[in-house]
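Please look through the structure shown here with attention to its aromatic side chains, and to how their rings are placed against one another.

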Amino acid sequence: MFAQGYDVTDAVEAQAAKRESDERLRDGMDATKMVVWEWNLVTDELVYSENTAVVLGFSPSSMGKASQYIHAEDRDKVASAHRAALDGAGAYEVVVRFIRPDNGRQIWADSRGKLRYDSEGRPARMRGVTVDVTERYQAELELREANRKKDEFLAMLAHELRNPLAPISTAAEMLRMTAGGDARTRKASEVISRQVKHMTSLVDDLLDVSRVTRGLVHLEKETIDVKSAVASAVEQSRPLIETRHHSLTVRTDAAQSTVHGDRTRLVQVIVNLLNNAAKYTPQGGEIALAVHAGADMVSISVADNGIGIDSRLLPQVFDLFTQAERTPDRAQGGLGIGLALVKTMVTLHGGTVTADSAGPGLGSTFTISLPAIAQGQNRRPDAPAGGDAAGAPARRVMIVDDNVDAAESLAVLLEAQGHQVAVQSHPHDAIAAAKQDPPQVFILDIGLPEMDGYELARRLRADPATGQALFVALTGYGQAHDRILSRSVGFDHHFVKPVELEKLKGIFATLRD
């Protein structure tokens, strides 16, 4: 007769399932380089998972705390995170450098913890995980370094492209001035000028997208008359519109339309939309620009009867590098970054921009909405672009640029306006010549041999004979930090090549005798 027994099948299967689950958990923790820990806040005891030796390089049984192996510069960060959790945050998350005690190698560790409370609501213990994220963090560092090098490359590319554009632009202006009744020469000058502006716009867009993606765009805000900004944008876009034989209609409300923003950037936004409409509308098309002033918002819309936008592309039209299909007719369609810049600039102004199209071949409408400034709340009217250049007296000018073509072509233009111009290609020669015959205006390149334009400006500013002159930086470097640096060393103005001659005339006109 058999003794009465018990069926233990379920218990055995449960234990086997638990072992399998624990093994999967350990395998997952090892694969992700994750350590699980618990910190008893009452006894100050730390308990680690068994894989600590593999992930962090020490045995849980041989050590109470890992804090001694946290990089010295990061220990305060960890202590501050712990205090914040205990003071009410309830949890923390930090990424720190950790020195493995087994091999002395530095790793990056992502540590996260969450408080547990006792029955009376007091912090009793903290549970958390620490993950070795060295590979991810190293990849991020390499990505940031690659991004930095890319920005440096774009800045250098812009400088190298602007250098040849400057003499081309001034040569075109010389042709225009000497053309007289020669229609062919005048036409050649206009073509060159338009193409230089197009190239300059592409260079500016490249640099702008770099600044935008890094959040480095800075707005110089003032009260802006939107109608005035629209007029400036139309003037800039008109050559392209006329080249493609489009008709442009501009409609504005009679009501006041003022906003608070950066006039240059707002004009840039409108120009982008107008140029976009001109490029993507077949020749002989129609473009309509309308300004409507509401009680709270000012809207600016640009509509065309061009190729339209496919419904699949419409949601991504403001994304970087998004473009409609290119055709030979739109060979100058741009880089696919103009609308992304438009959206970013409008957002920085506190506004919105939308795109609408009924589909391919049915045209497009882009609408900008900006917060309006009520009448009587104006901070100040738009500042004039510069002094009255008409009838400006002749000035003694020194141009210092190692690009001989750029320097001499600009000198010819200034001499044609009646100024007395000296050209130097080396900073030391410029200093010696300035001592002999001090100029009233210095136009200095930044990328000079042996001594850059910043140092040259410092030395000339420090000399009583030349320190009171007007200093103009004319360079291929035009990023925000370049402008800040030029201002700090004593430059009065900072222009990027090719220089806008009307602006140069304007600052000459403001110079006191």
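## Aromatic pairs in the predicted model

F318 has a relative accessibility of 14%, and because buried means under 20% relative accessible area, this residue counts as buried. The model is a predicted one, and its aromatic pairs, counted by the distance between ring centres, come to six.

One of these pairs is formed by W108 and Y137, whose rings are stacked, with 4.0 Å from centre to centre and 25° between the planes. The two residues belong to distant parts of the chain, since W108 lies in strand β4 (residues 106–117) and Y137 in helix α4 (residues 134–178), 29 residues apart. Both W108 and Y137 are buried.

With F318 we return to the residue named at the start: its ring and that of F366 have centres 6.1 Å apart and planes at 90°, so that this pair is edge-to-face. F318 is found in the loop between β10 (297–304) and α8 (338–348), whereas F366 is part of strand β12 (residues 364–371), and the pair therefore ties together parts that are 48 residues apart in sequence. F366 is buried as well, its relative accessible area being 5%.

Two further features complete this walk through the rings. F442, F471 and F491 are linked by ring pairs into a cluster. Y137, already described as the stacked partner of W108, also has R144 lying over the face of its ring, at 6.0 Å from the ring centre.

Key
Residues are numbered from 1 along each chain as its sequence is written. This is a predicted model: local features need pLDDT of at least 70, side-chain atom pairs count only at pLDDT 80 or more; totals for chains, interfaces and linings use all residues. Side-chain values use heavy atoms; hydrogens and water are left out. Rings of Phe, Tyr and Trp (its six-membered ring) pair if their centres lie within 6.5 Å; planes under 30 degrees apart count as stacked, over 60 as edge-to-face and the rest as tilted. Helices (H or I, at least four residues) and strands (E, at least two) are DSSP runs, numbered from the N terminus. Buried means under 20% relative accessible area, exposed over 50%, partly exposed in between (1.4 Å probe, protein chains only). A charge sits over a ring if NZ of Lys or CZ of Arg is within 6 Å of the ring centre and within 35 degrees of the ring normal.
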